[in-house]
Amino acid sequence: MKEVFMEKVWWKDAIGYQIYIRSFKDSNDDGIGDLKGINQKLDYIKSVGADFIWICPFYDSPMDDNGYDVRDYYKVAQEYGKMADLKKLIKDAHDKSIRVVVDLVLNHTSDENIWFVKSEKKIEPFTDFYVWKDGKMVDGKMCPPNNWISFFSGPAWKYSEKRKQYYLKIFSNKMPDINYESETAFAEMEKVIDYFGELGVDGFRVDAIAHIGKDLTFADAKNLKKTYKSFSNLPNTHAYLKRFNKTFSKNNLVTMGELGGDPSKKDLIKYTTENELDMIFSFEQMSVFKKDHTINRKALIKTLKYKESLSSKNGWSVLFWLNHDYPRLISRIRGEQDNKNAQICLASLMYMLKGTPMVYNGEEIGMENYPFKSPADFKDVNAKMIFDNAEDIDAEFNKLKETTRDHSRTVMQWDSTKNAGFSAGKPWTYVNSNYKKVNVEKAQKAKDSILNNYSRLLAVRKEYGEALCNAKYKFFNKGGYMGYKVTCDGYTLEVIANLSKAERVLDLQGAEVLYSNMPKADSLKVYQTVVLKRSL
């Protein structure tokens with residue numbers, strides 16, 4: 001069915017929907033979401049407004065990091081189904097005009113991957129497939145090769161008794177980093193890309209792509225708080241990506257790269273303008289959330305301008321508020337007097353920008369953070385490693401109960417039945433106790449729900465998406481009365497949100513109201529957002 005989608009660069013005016021497979025929908029009641037579960041919900045996904053789905057890793061894995069530690073790229077994890085289920089999902093999604101983007105993990109594998117097993121034993125041609133280094137003696141004690149720190153806390157190196165060397169692992173201990181100075185490593189990952197291209201996927205969200213290049217001098221980091229600068233957004237990252245791009249392009253695969261590691265704007269633009277990636281995920285919007293759980297209005301308008309600028313000059317950005325690595329959006333702004341409509345304001349301001357919108361499953365119904373009570377509650381390997389290396393457990397817990405990735409991974413709340421309709425079996429993770437009030441079934445019936453607002457907003461986005469690709473944006477912010485004017489061919493769109501503390505006058509002369517989150521748009525109430533159209 002893939003040939004149906006060859007007519008244009010489809011992804012610039014498309015809307016995406018991210019699925020955390022493990023928590024989305026369980027089809028066989030074993031308590032774990034799966035590929036068949038996604039298939040069961042394609043009509044719902046379509047109703048939200050999505051043109052494509054991004055599925056988090058489903059590959060065979062020991063699940064140290066819920067699938068981002070890949071043991072075998074050519075097999076589906078047993079709990080998620082079989083390769084036949086993936087093929088059917090791709091076909092059924094395409095039949096419904098939904099494209100399928102899957103996660104591609106290029107930076108690392110599981111230490112149970114056969115490539116690592118062979119590399120650890122120095123079996124050619126896999127000897128240098130990963131980053132191996134001798135340790136160094138410090139005060140008579142064997143220590144890691146340098147002082148680099150893992151993103152997940154603790155040293156970025158793990159000692160192998162079998163090989164008598166350290167391997168680099170900038171995430172968990174069981175996720176060794178691939179060495180792209182190795183021709184074998186490149187060739188094997190290119191085979192993986194070819195395999196899924198032939199299988200019929202439409203593209204990849206490329207995980208942790210900013211980190212595939214390393215400082216090959218392996219010198220100590222001068223600033224321990226920024227050791228990621230030694231393995232993030234380096235020149236060799238761009239060189240490696242240019243080679244991978246040839247394989248992506250050959251298979252007509254769209255690529256969305258996750259760019260952490262504090263990249264500069266120059267770097268971000270470079271990723272999408274020099275034959276490397278099609279789109280980028282960057283995280284400057286995290287500055288919008290204040291410690292008191294309110295919205296930083298100045299940071300918001302600055303972020304919107306920055307996001308739009310990344311999609312100019314032939315670059316392109318993914319427009320998103322959260323994903324599987326961040327807390328729930330509505331909980332991050334719970335300090336606002338009306339956080340439901342505050343979230344809708346944020347959605348309108350983000351998803352009408354130039355770029356490609358991406359909604360994370362559960363965001364569209366306002367799913368909230370889980371109320372963790374103790375360190376033992378956390379399931380995420382990141383949290384566990386932080387506690388293992390913590391000097392003050394209580395202090396770390398107080399941070400993590402707000403920031404843990406576990407918040408965004410609680411099960412999708414479909415209805416008010418047992419386990420929120422996710423599974424008849426005991427779920428692998430938590431079900432938020434508010435599921436009887438916050439669920440898809442209830443949201444579909446409530447005219448003013450976040451879900452119905454998202455659907456109406458995204459319908460406007462879809463209608464005008466192609467025009468937005470080449471439009472000119474002009475931003476304004478008057479004490480929280482903010483938004484932007486978009487000049488298109490023959491008309492303008494105005495996206496306005498009132499995040500000030502007072503009702504505002506709304507000039508409707510000559511305007512058509514395309515969208516409003518409140519019944520009347522004769523004035524702009526606090527937390528009201530509108531999209532207006534005017535003829536030039």
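Here are a few notes on local features of this predicted model.

1. **The three-stranded sheet.** Let's start with the sheet, which is open and has three strands in the order 6-10-9, with antiparallel pairing. Its edges are strand 6, covering 132-133, and strand 9, covering 157-160, and each of these pairs on one side only. As a reminder, strands of a sheet pair through backbone hydrogen bonds, either parallel or antiparallel.

2. **Strands 9 and 10.** How many bridges link strand 9 and strand 10? There are four, and the pairing runs in the antiparallel sense, with strand 10 made of residues 165-168. If you want a spot to look at in the viewer, try Trp-157, which stands opposite Leu-168 in strand 10.

3. **Lys-164, between those strands.** The loop between strand 9 and strand 10 holds Lys-164. Have a look at its backbone: phi of Lys-164 is near 60°, a positive value in a residue other than glycine. Is Lys-164 buried or exposed? Lys-164 counts as exposed because its relative accessibility is 52%, and the cut-off for exposed is over 50%.

4. **Ala-420, another positive phi.** Ala-420 is not a glycine either, yet it has a positive phi of about 60°. You'll find Ala-420 in the loop between helix 13 (393-403) and helix 14 (440-445). Its relative accessibility is 0%, so Ala-420 counts as buried.

5. **A cis peptide bond at Pro-125.** Which residues does the cis peptide bond join? They are Glu-124 and Pro-125, with omega at about 5°. Pro-125 is in the loop that runs between helix 5 (114-120) and strand 6. That strand brings us back to the sheet, where strand 6 is one of the edge strands.

6. **Asp-34, a buried acid.** Asp-34 lies in the loop between helix 1 (21-24) and helix 2 (35-40). This one deserves a second look: Asp-34 is buried but has no salt bridge. What is the nearest side chain of opposite charge, and how far away is it? That would be Lys-25, at 7.7 Å. A salt bridge needs the side-chain nitrogen within 4 Å of a carboxyl oxygen, so Lys-25 does not make one with Asp-34.

7. **What Asp-34 does have around it.** The side chain of Asp-34 makes a polar contact, at 3.0 Å, with the side chain of Ser-27. Leaving aside residues up to four places away in sequence, Asp-34 touches Ile-21, Lys-25, Asp-26, Ser-27, Asn-28, Glu-79 and Tyr-80. Note that Lys-25 is among these contacts, even though its side chain forms no salt bridge with Asp-34.

Note on methods. Residues numbered from 1 in each chain as written. Predicted model: local features only at pLDDT ≥ 70, side-chain atom pairs only at ≥ 80, totals over all residues. Heavy atoms only, no water. Pairing = 2+ DSSP bridges. Helix = DSSP H or I, 4+ residues; strand = E, 2+ residues; numbered from the N terminus. Buried < 20%, exposed > 50% of the residue type's maximum accessible area, 1.4 Å probe, protein only. Lys, Arg positive; Asp, Glu negative; His and termini not counted. Polar contact = N/O pair within 3.5 Å; in protein donor to acceptor, adjacent residues only side chain to side chain. Contact = heavy atoms within 4.5 Å.
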